[in-house]
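This report describes a single chain together with its bound ligand, beginning at the ligand and moving outward to the sheets and the backbone. The sequence and the structure are shown first.

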Amino acid sequence: MYRLFFQLVFTRMDPERAHHLAFRWIRLAARVPVLRTFVAALLAPRHEELRTEAFGLRMHGPFGLAAGFDKNAVAIDGMSMLGFDHIEIGTVTGEPQPGNPRKRLFRLVEDRALINRMGFNNEGSAAVAERLASRTPVFRTTVGVNIGKTKTVPEGEAAGDYVKSAERLAAHADYLVVNVSSPNTPGLRSLQATEALRPLLSAVREAADRTVPDRRVPLLVKIAPDLADEDVDAVADLAVELGLDGIIATNTTIARDSLGLKSRSSLVAETGGLSGAPLKERSLEVLSRLYARVGDRLTLVGVGGVENAEDAWQRILAGATLVQGYSAFVYEGPFYARAIHKGLAARLAASPYATLAEAVGAETRKAAK
Ligand SMILES: Cc1cc2nc3c(=O)[nH]c(=O)nc-3n(C[C@H](O)[C@H](O)[C@H](O)COP(=O)(O)O)c2cc1C
């Protein structure tokens with residue numbers, strides 16, 4: 001039914017308008033107690049065997065919503081109602097900003113992909129912190145807060161902008177993510193170089209510890225799939241050295257070579273980050289490489305082209321403790337997260353592993369022998 005609706009309604013609408021419309025429905029539904037209880041009962045993960053622990057946090061299941069969908073933390077309960085067990089809000093920047101001019105989001109339906117150059121449109125760290133502080137959660141959901149650089153802040157002053165966000169948001173975050181991998185903020189990805197990343201991550205760690213002295217807020221870094229393999233290794237080593245909690249692999253790609261012939265149309269020329277199915281292979285590759293490098297010393301989060309339970313299972317076997325999705329939700333609709341949790345439970349039952357934790361990295365370990 002969703003596919004038919006998508007064909008008839010959403011594909012005829014501007015993708016960003018369609019996003020806002022769907023978003024409004026989700027938020028509205030989550031405000032009606034009977035409806036949200038009913039939908040959550042249908043879609044939320046309730047497989048005992050999928051219970052997951054990541055960086056000291058207990059979750060009902062490993063699958064969550066990737067950053068960028070709920071930038072301003074306005075629909076945490078709504079997305080949780082749809083079965084995403086953790087919600088990563090943001091990217092939130094130090095200051096509010098409108099993002100890039102429209103049109104900035106494009107669908108590549110044949111490739112089950114999206115191209116976006118949203119440019120961190122968000123209400124800024126002060127407004128989002130206030131919203132999180134006044135929130136009365138309906139569902140027990142893990143909330144990650146993803147932070148990035150305000151566009152107008154010069155690269156040399158980036159750390160100060162991240163620190164401002166961390167100071168305001170860390171207290172409201174179950175975990176914090178330093179995003180240095182969006183292709184839509186000029187110069188942002190150069191912060192992935194270890195000389196720039198080391199002081200940045202240290203400053204954010206210090207800010208989180210200073211503002212939240214009674215709890216160690218888990219800190220992760222989110223990386224691009226376009227890093228060269230040696231740079232992936234360098235970030236992994238740095239994350240271990242600095243005592244980070246994890247790495248999220250990956251953000252969107254600026255590469256276009258994985259697109260099918262059909263999509264090599266006018267849209268391919270659009271600048272921005274490509275996500276969805278064409279990102280699958282490289283994201284998985286980066287994840288396996290990270291796991292081979294760091295093993296259990298860091299918690300890895302696999303994201304990029306996860307369309308179904310099999311994809312999520314492959315990420316877990318490659319080394320991910322948590323898995324996230326965004327683009328496939330657009331194509332699959334409201335049953336997306338449920339199908340993934342349900343399919344994961346079936347795969348785990350049919351596997352030689354007694355627990356999900358035992359399955360994490362099993363394929364990568366096998367390949368290394
Ligand atoms: C429209 C759109 C906006 C996004 N915005 C952000 C963002 O603000 N911060 C971020 O870290 N990632 C952002 N992402 C990247 C996703 O979180 C994810 O890493 C990427 O899309 C790959 O996953 P997918 O193939 O399941 O979409 C965005 C992705 C899309 C499609």
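## The ligand and its surroundings

Among the residues that make up the shell around the ligand, eight are nonpolar, 15 are polar and two are charged. The model is a predicted one, and every value in this report is to be read with that in mind. In total, 25 residues surround the ligand, and the closest of them are Ala 67, Thr 91, Gly 276, Gly 305 and Ser 327.

Three polar contacts to oxygen atoms of the ligand can be set side by side, as in the table below.

| Residue | Part of the residue | Distance to an oxygen atom of the ligand |
|---|---|---|
| Asn 146 | N or O atom in the side chain | 3.0 Å |
| Tyr 326 | backbone N or O atom | 3.0 Å |
| Ser 327 | polar side-chain atom | 2.6 Å |

On its own the ligand has 600 Å² of accessible area, and the protein covers 98% of this area. The elements that contribute two or more residues to the shell are strand S4 (86-93), strand S6 (113-116) and strand S11 (273-276). Ser 327 thus appears in two descriptions of the site, as one of the closest residues and as the residue whose polar side-chain atom lies 2.6 Å from a ligand oxygen.

## The barrel and the open sheet

The chain contains 14 helices and 13 strands. Eight of the strands close into a barrel with parallel pairing, and their order is S3-S4-S7-S8-S9-S10-S12-S13. Within this sheet, neighbouring strands are turned against each other by 25° on average, when direction is ignored. Strand S4, which belongs to the barrel, is also one of the elements that give two or more residues to the ligand shell.

One pairing in the barrel can be followed in detail: strand S12, residues 299-303, and strand S13, residues 320-325, run parallel and are joined over four bridges. In this pairing, Val 303 has Gln 324 of S13 as its bridge partner.

Three strands form an open sheet with antiparallel pairing, in the order S5-S6-S11. Strand S5 (105-108) and S11 stand at the edges with a single partner strand each, so one side of each has no neighbour in the sheet. The twist from one strand to the next averages 25° here. S6 and S11 run antiparallel and are joined by four bridges, and Asn 116 stands opposite Gly 273 in S11. Both S6 and S11 are among the elements that give two or more residues to the shell around the ligand.

## Backbone features

Most peptide bonds are trans, and most residues other than glycine have a negative phi. Against this background, three places in the chain deserve attention. The peptide bond from Gly 90 to Thr 91 is cis, with an omega near 10°; Thr 91 is found in strand S4 and is one of the closest residues to the ligand. A cis peptide bond also joins Ala 249 and Thr 250, where omega is about 15°, and Thr 250 has its place in the loop between strand S10 (246-249) and S11. Phe 55, although not a glycine, has a positive phi of about 35°, and this residue lies in the loop between strand S1 (52-54) and strand S2 (57-59).

## Overall dimensions

Taken along the principal axes, the C-alpha atoms of the chain fill a box of roughly 50 × 50 × 45 Å. For 369 residues, a compact globule would have a radius of gyration near 21 Å, and the 19 Å of the chain agrees with this.

Note on methods:
Residues are numbered from 1 along each chain as its sequence is written. This is a predicted model: local features need pLDDT of at least 70, side-chain atom pairs count only at pLDDT 80 or more; totals for chains, interfaces and linings use all residues. Side-chain values use heavy atoms; hydrogens and water are left out. A residue is near a molecule or strand if one of its heavy atoms lies within 4 Å of it. A polar contact is a pair of N or O atoms within 3.5 Å; within protein, one must be able to donate a hydrogen and the other to accept it, and residues adjacent in sequence count only if both atoms are side-chain atoms. Accessible areas come from the Shrake-Rupley method with a 1.4 Å probe; for residues, only the protein chains shown count as cover. Ala, Val, Leu, Ile, Met, Phe, Trp, Tyr, Cys and Pro count as nonpolar, Asp, Glu, Lys and Arg as charged, and the others, Gly among them, as polar. Two strands pair if DSSP finds at least two bridges between them. Axes are lines fitted to C-alpha atoms, for helices over the stretch in contact, and angles run from 0 to 180 degrees between N-to-C directions. The radius of gyration is taken over C-alpha atoms; the globule rule is 2.2 Å times the number of residues to the power 0.38.
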